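Please read the following walk through this protein with the sequence and the coordinates side by side. The account moves from helix to core, and then on to the aromatic rings.

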Amino acid sequence: MVELDSLPATRDAYDAVATRYAQQFTDTLHDRPLERALLAAFAETVRAGGDGEVADLGCGPGHITAHLRRLGLRAFGVDASPAMIGLAQQANPELRFEVGSMAALDIADGALGGVISRFSIIHTPPQNLPAVVAELARVLAPGGHLLISCYATDDAAIPTQSFDHSVVTAYRWSPDHLAGLLCDVGVSEVARVLCRPKPTDKRQFQELQLLAAKNE
């Protein structure tokens, strides 16, 4: 486990915009039927594998954590921003939320049946991504599933590309590069979906949804 040098700046930036962010992104799934279907498939897969707990890493104001719970998962949220966690707990008092870092999770080895990382690795500097991926693998039980969402690079041969983000510097990832890092720590790709941007989208980047499972 490592602590990221970038974490304080990311945490402070999201603390500063937490209320506005929560208001703007109260329901990011209503116009994303494909993503809802992927989350439903993820939930069914986790339940079929033993119904272990699921961590929503980078949970923000908690709306995805709540959605996962409605899908029947024993989900809880983790975020580096105390302000985000406070808003998540206020909006969902029946759920569990914790302040924490994806690079140093306060979760036992192999404790989880599933992990969701929805656009939460985008602020990870490239040199730190292998350590973060290894930490996600560490907390997954054998056979547990991981669903990562992020922006994809324009060319799969380019491992990463930085881009301007309204909160703090962010990165896009090559699907092949990300899948390779997962493979290195014993997590095998199950499926990937690349979604092209709509003409009205703020960012004209492809979005990657990568489903993987920890080797038995």
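In helix α1, the buried residues are Leu 7, Thr 10, Ala 13, Tyr 14, Val 17, Ala 18 and Ala 22, a statement that, like those that follow, refers to a predicted model. What covers these buried residues of α1 includes α4, residues 82–91. The helix itself, which spans residues 7–24, carries a kink of about 65 degrees centred on Ala 18, and Ala 18 is itself one of the buried residues just named.

Beyond this helix, in the loop between α1 and α2 (33–48), lies Phe 25. With a relative accessibility of 28%, Phe 25 counts as partly exposed. Its C-alpha atom is separated by 10 Å from that of Ile 64, although the two residues are 39 apart along the chain. Phe 25 is also in contact with His 63, whose other contacts, leaving aside neighbours within four places in sequence, are Thr 26, Thr 28, Arg 70 and Arg 118. His 63 belongs to helix α3, residues 63–70, and at 17% relative accessibility it counts as buried, because the limit for that class is under 20%.

Turning to the interior, it helps to recall that in soluble globular proteins nonpolar side chains tend to be buried together. Here the largest nonpolar core has 38 residues, of which Leu 57, Ile 121, Leu 178 and Leu 182 touch the most other members. The elements that give two or more residues to this core are the strands β1 (54–57), β2 (75–79), β4 (112–118), β5 (140–151), β7 (170–173) and β9 (207–214), together with the helices α5 (129–139) and α6 (175–184). The greatest contribution comes from α5, with six residues. For Leu 57, the contacts beyond four places in sequence are Val 78, Met 102, Leu 105, Val 115, Ile 116, Ser 117, Arg 118, Ser 120 and Leu 136. A second core, separate from this one, has 13 residues, among them Ile 64, Leu 73, Leu 147 and Leu 211.

An annotation can be laid over this region: in an unreviewed entry, UniProt lists residues 54–144 as "domain: Methyltransferase". Over those residues the chain is 32% helix and 26% strand, and the C-alpha atoms at the two ends are 9 Å apart.

The aromatic residues come next, with five aromatic pairs in the structure. How are the rings of Phe 163 and Phe 205 arranged? Their centres are 5.1 Å apart and their planes stand at 65 degrees, so the pair is edge-to-face. This pair links distant parts of the chain, since Phe 163 is in strand β6 (residues 160–163) while Phe 205 is in the loop between β8 (187–195) and β9, 42 residues away. Both of these phenylalanines are buried, and ring pairs link them with Phe 119 and Tyr 151 into a cluster.

Another pair is formed by Tyr 171 and Trp 173, whose ring centres are 6.1 Å apart and whose planes are at 35 degrees, so this pair is tilted. Tyr 171 is buried, with a relative accessible area of 15%, and Trp 173 is buried as well, with a value of 0%.

Charged side chains also meet aromatic rings in this model. The charged end of Arg 172 sits over the ring of Phe 205, 3.8 Å from its centre, and Arg 96 lies over the face of Phe 76, at 4.0 Å from the ring centre.

Methods:
Residues numbered from 1 in each chain as written. Predicted model: local features only at pLDDT ≥ 70, side-chain atom pairs only at ≥ 80, totals over all residues. Heavy atoms only, no water. Core = buried A, V, L, I, M, F, W, Y, C linked by side-chain atoms within 4.5 Å. Buried < 20%, exposed > 50% of the residue type's maximum accessible area, 1.4 Å probe, protein only. Helix = DSSP H or I, 4+ residues; strand = E, 2+ residues; numbered from the N terminus. Contact = heavy atoms within 4.5 Å. Bend = angle between axes of the 7 residues up to and from the residue. Phe/Tyr/Trp six-rings, centres within 6.5 Å; stacked < 30°, edge-to-face > 60°. Lys NZ or Arg CZ within 6 Å of the ring centre and 35° of its normal. UniProt positions renumbered as here; feature names shortened; annotations may be inferred.
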